[in-house]
Amino acid sequence: MRQKLLNLPKPILVITGAVFVGVFLLLLNIGGRIVSGIPALGQEYVVQCIGELVAAVYTIAMLFLLGYGSILKEKGTGFLKGFYVGGFMVGYCLFAAVAMLYVQQLESTSTVQPVGMICIYTLTMFLVGLNEEVIVRGVVLNLLLDRFTNSRKGVLWAIILSSLIFGCCHIPNVMAGIPFKSVLIQTVQATLMGIVFAAIYLRSGNIWICIIAHAAVDFAGLMASGVFGNGGMTDMIGNLSIVNLVVTVPLFLIPGIVLLRKNKLEEIVRKRVGEEIIPTQKEADHTAIVSIVLGGIGIVLGISGYTIGISLVGLLGAIVSKKIKTQQNGLSMAAMIVSIVGLVISIMGMILMMIMMPMIGDANSMGIF
């Protein structure tokens, strides 16, 4: 079946990829609607979870039907380096999680959901990450990569087109009652995020990095509703405004450009033709220097608590550097120490802020500030 699809003209193959994603959305919607009418299962994340389970049968089946099932076993550069490559998403989701915790500490109405509901929410977010990464990156992106030429231009076109499909698959959220403006903003955000995820997948060679990162980003972004019960998932998306767009366009566009810079695109092409990419000592030193900078940011700004992710990525980079250059690598040791110190300060800063937030909230309610 895959070979028949690859013989199709490129525009038809792109449309076919969009159809595959459309079928996924249809099954997701059908699965949710079947249970939404059952009172005992009517909670939003329960409905979403069951819909995702139904859709998961389809996404995994398509992956194996098209002969891409083996990617679930591929470790690529490994989880350690994979999460370092995907460091932007690691830092972003932890930043979002800390910010959400702070906001909820200020809200006097915030109440942590029962453990069972949090587990359902967590499972739902994992399934969202699994399904969307498998159908978009696992199926559509790989199909386009196999159809386009093994060149920097071909890889870029495959990434951009698959990411556009990923972005557009959020448009049906309009039918859930979400304002069109908010859906359009979410579509642009998702397209840019799709480019970042595609870059992480192709750079790391490990789709599980994308699945986990995708799930973590969604978990952090929807914590207010899933963990604290403040509004629903549609409410959170409906609150997106032009400010979100102004902030997130450069936030996702810049990492995408960095991850897909010329020499890294060339590495992706070389990997696709079977060439083994062996890290150099120069790369180890560069990684260590980046890690020192990230750890330093954690030390300087750690009192805010927001730099937990930055320091963690710095620590990952230090370990990666040490694995590449195992002997006489003082830079990696320095990076490790700086990153650990930054991480400790950031964690302590977050704890301190969590303690202070309720007091700030009380002061605001009393009109002191």
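These legends go with a set of close-up views of a predicted model.

**View 1. The second largest pocket and the helices around it.**
Here's a spot with some room in it: the second largest pocket holds about 1100 Å³ of space. Its lining runs to 37 residues, and the ones closest to the pocket centre are Tyr84, Val85, Gly87, Leu259 and Val313. Which helices each put at least two residues into that lining? They are H4 (79–85), H5 (87–106), H12 (242–259), H13 (262–272), H14 (281–301) and H15 (308–324). As for chemistry, the lining splits into 20 nonpolar, eight polar and nine charged residues.

**View 2. The largest nonpolar core, with a second core apart from it.**
The largest nonpolar core takes in 80 residues, and Phe20 and Met89 have the most contacts inside it. Helix H6 (residues 115–147) gives this core its largest share, 13 residues. Apart from it sits another core, this one of seven residues, including Val98, Leu315, Leu343 and Met350. Back at Met89, what does this residue touch once neighbours within four places in sequence are set aside? The contacts of Met89 are Met193, Val196, Phe197, Ile200, Ala213, Val217 and Phe252.

**View 3. Phe20 and its contacts.**
Zoom in on helix H2 (residues 10–36) and you'll find Phe20 there. Is Phe20 buried or exposed? Phe20 counts as buried because its relative accessible area is 9%, and the cut-off for buried is under 20%. Leaving out residues up to four places away in sequence, Phe20 touches Met1, Leu5, Tyr58, Met62, Leu66, Ile135, Val139 and Leu143. Have a look at Val136 too: 116 residues separate it from Phe20 along the chain, yet their C-alpha atoms are 8.9 Å apart.

**View 4. Ile12, also on helix H2.**
Ile12 lies in helix H2, and so does Phe20. Ile12 is partly exposed, because its relative accessibility is 39% and that class runs between 20% and 50%. Pick Leu260 as a far partner and the C-alpha to C-alpha distance from Ile12 is 26 Å, with the two positions 248 residues apart in sequence numbering.

**View 5. Ala199 in helix H8.**
Ala199 is one of the residues of helix H8. How does Ala199 count, buried or exposed? Ala199 counts as buried because its relative accessibility is 0%. Skip the neighbours within four places in sequence, and the contacts of Ala199 are Leu259 and Leu260. Leu259 turns up again among the residues closest to the centre of the second largest pocket. Met236 is another story: Ala199 and Met236 are 37 residues apart along the chain, and 27 Å separates their C-alpha atoms.

**View 6. Helices H7 and H13.**
Helix H7 (residues 152–168) has 17 residues and spans 24 Å from first C-alpha to last, close to the 24 Å expected at 1.5 Å a residue. The buried residues of H7 are Gly154, Val155, Ala158, Ile159, Leu161, Ser162, Ser163, Ile165, Phe166 and Gly167. Over on H13, the buried set is Lys264, Leu265, Glu267, Ile268 and Val269. What covers these residues of H13? The cover includes H7, helix H8 (180–204) and H12. Just past the end of H13 comes Gly274, with a positive phi of about 95°.

**View 7. Gly67 in a loop.**
This close-up picks out Gly67, in the loop between helix H3 (44–65) and H4. Gly67 counts as partly exposed because its relative accessibility is 43%. From Gly67 to Val227 the C-alpha to C-alpha distance is 38 Å, and the two are 160 residues apart in sequence.

Definitions and conventions: Residues are numbered from 1 along each chain as its sequence is written. This is a predicted model: local features need pLDDT of at least 70, side-chain atom pairs count only at pLDDT 80 or more; totals for chains, interfaces and linings use all residues. Side-chain values use heavy atoms; hydrogens and water are left out. On a 1 Å grid over the protein atoms alone, a cavity is a set of points where a 1.4 Å probe fits but cannot get out, and a pocket is an open set with protein on both sides within 12 Å along at least five of seven lines; lining residues have an atom within 4 Å of a point. Grid points are joined across faces, edges and corners, and a volume is the space filled by probe spheres set on the points. Helices (H or I, at least four residues) and strands (E, at least two) are DSSP runs, numbered from the N terminus. Ala, Val, Leu, Ile, Met, Phe, Trp, Tyr, Cys and Pro count as nonpolar, Asp, Glu, Lys and Arg as charged, and the others, Gly among them, as polar. A nonpolar core is a set of buried Ala, Val, Leu, Ile, Met, Phe, Trp, Tyr and Cys residues joined through side-chain atoms within 4.5 Å. Buried means under 20% relative accessible area, exposed over 50%, partly exposed in between (1.4 Å probe, protein chains only). Contact means heavy atoms within 4.5 Å. The expected span of a helix is 1.5 Å times one less than its number of residues.
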